[in-house]
Amino acid sequence: MRTPIVAGNWKMNKLLDEARGLAGDVAEASGTFEHTELILSPTYVALPALSEILSGTDVGLSAQNVHWTEQGSYTGEVAPSMLEEIGCTHAIIGHSERRQYFGETDVSVNRRARAALEHDLTPIICVGESLAERQNGETELKIKLQVRAALSEVDAGDARDVIFAYEPLWAIGTGESATPEQAQESLAAIRGLLADIYDDSVASSVRILYGGSVKPHNIDELIQGPDLDGALIGSASLESESFLSIARSVESWAE
Ligand code: PGA
């Protein structure tokens with residue numbers, strides 16, 4: 001069975017003291033999770049503090065992006081080795097907010113993903129359709145294009161380690177989650193594509209999360225989908241109580 005993941009994407013939230021407090025709460029509770037991987041993704045500036053707080057726990061530490069080269073004239077970017085050096089284990093790549101507001105493309109997502117894999121940073125690659133694409137019946141087409149592009153020149157050995165997050169744009173930060181059926185349909189399409197690109201063994205190893213208004217009240221229903229391996233959580237990850245409550249639901253489902 002695939003180990004489920006509950007990941008908190010803090011986006012551009014939390015000053016350092018607040019970040020320390022929240023990470024401390026999660027670190028303290030983390031020993032009670034035996035079947036669920038927890039991951040926290042604070043801003044770049046809070047990564048070193050979290051690295052200290054989370055050391056000695058099994059909680060993963062994720063950057064919210066990563067560049068594809070080692071060093072150089074790339075103002076505002078952070079290299080994979082720099083993230084590795086401070087103890088990062090994961091990097092979120094291609095979040096829809098990066099794609100929407102900062103010009104991230106399928107090509108840059110692929111470059112970033114390959115660089116992460118070369119550095120033992122597990123990429124959490126986000127894909128998802130807009131409301132217009134869903135209404136036009138283009139959901140599957142869109143997410144398959146994104147997944148295929150993200151994995152260009154990624155071999156089967158590396159592909160197994162990739163984590164995907166299916167996050168429909170219309171569900172992010174809106175309070176309107178996809179239904180469990182909608183989520184499952186897209187997750188199954190992604191897994192089916194992984195089997196086409198690689199084989200069944202890769203397809204059944206890759207963890208695929210759902211993200212978009214995941215809350216304590218809807219996780220129990222969402223997690224029933226056979227292809228769902230956990231959640232990438234935005235707003236509900238900003239309070240330890242709601243984040244841990246979602247994680248506990250996933251943990252009891254996985255037991
Ligand atoms: P949300 O964000 O949980 O606030 O909808 C999810 C995400 O953007 O990863």
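The following questions and answers concern a predicted model and its ligand.

In this predicted model, local features need pLDDT of at least 70 and side-chain atom pairs count only at pLDDT 80 or more, while totals for chains, interfaces and linings use all residues. Residues are numbered from 1 along each chain as its sequence is written, and side-chain values use heavy atoms, with hydrogens and water left out.

Me: Which residues come nearest to the ligand?
Reply: A residue is near the ligand if one of its heavy atoms lies within 4 Å of it. There are 13 residues around the ligand. Those that come nearest are Lys 11, His 95, Glu 167, Gly 173 and Ser 235.

Me: How many residues of the shell around the ligand are charged?
Reply: Asp, Glu, Lys and Arg count as charged; Ala, Val, Leu, Ile, Met, Phe, Trp, Tyr, Cys and Pro count as nonpolar; the others, Gly among them, count as polar. By class, the shell has four nonpolar and seven polar residues. The number of charged residues is two.

Me: How much of the accessible area of the ligand does the protein cover?
Reply: A polar side-chain atom of Ser 235 lies 2.6 Å from an oxygen atom of the ligand. On its own, the ligand has 280 Å² of accessible area (Shrake-Rupley method, 1.4 Å probe). The part of this area that the protein covers is 99%.

Me: Why is Cys 126 in no disulfide with Cys 88?
Reply: A disulfide is a pair of cysteine sulfur atoms within 2.5 Å, and by this rule the count comes to zero disulfides. The cysteine sulfur closest to that of Cys 126 is in Cys 88. The two sulfur atoms are too far apart for a bond because the distance is 15 Å.

Me: Is Cys 88 buried or exposed?
Reply: Buried means under 20% relative accessible area, exposed over 50%, and partly exposed in between (1.4 Å probe, protein chains only). The relative accessible area of Cys 88 is 5%. Cys 88 is therefore buried.

Me: Which residue just after helix H2 takes a positive phi?
Reply: Helices (H or I, at least four residues) and strands (E, at least two) are DSSP runs, numbered from the N terminus. Helix H2 covers residues 47-54, and its buried residues include Leu 47 and Leu 54. Just after H2, a positive phi of about 85 degrees is taken by Gly 56.

Me: Where is Thr 139 found?
Reply: Thr 139 is buried, with a relative accessible area of 10%. Among the residues that Thr 139 touches (heavy atoms within 4.5 Å) are Glu 129 and Tyr 166. Thr 139 is found in helix H7.

Notes. Polar contact = N/O pair within 3.5 Å; in protein donor to acceptor, adjacent residues only side chain to side chain. Lists of a residue's contacts leave out its neighbours within four places in sequence.
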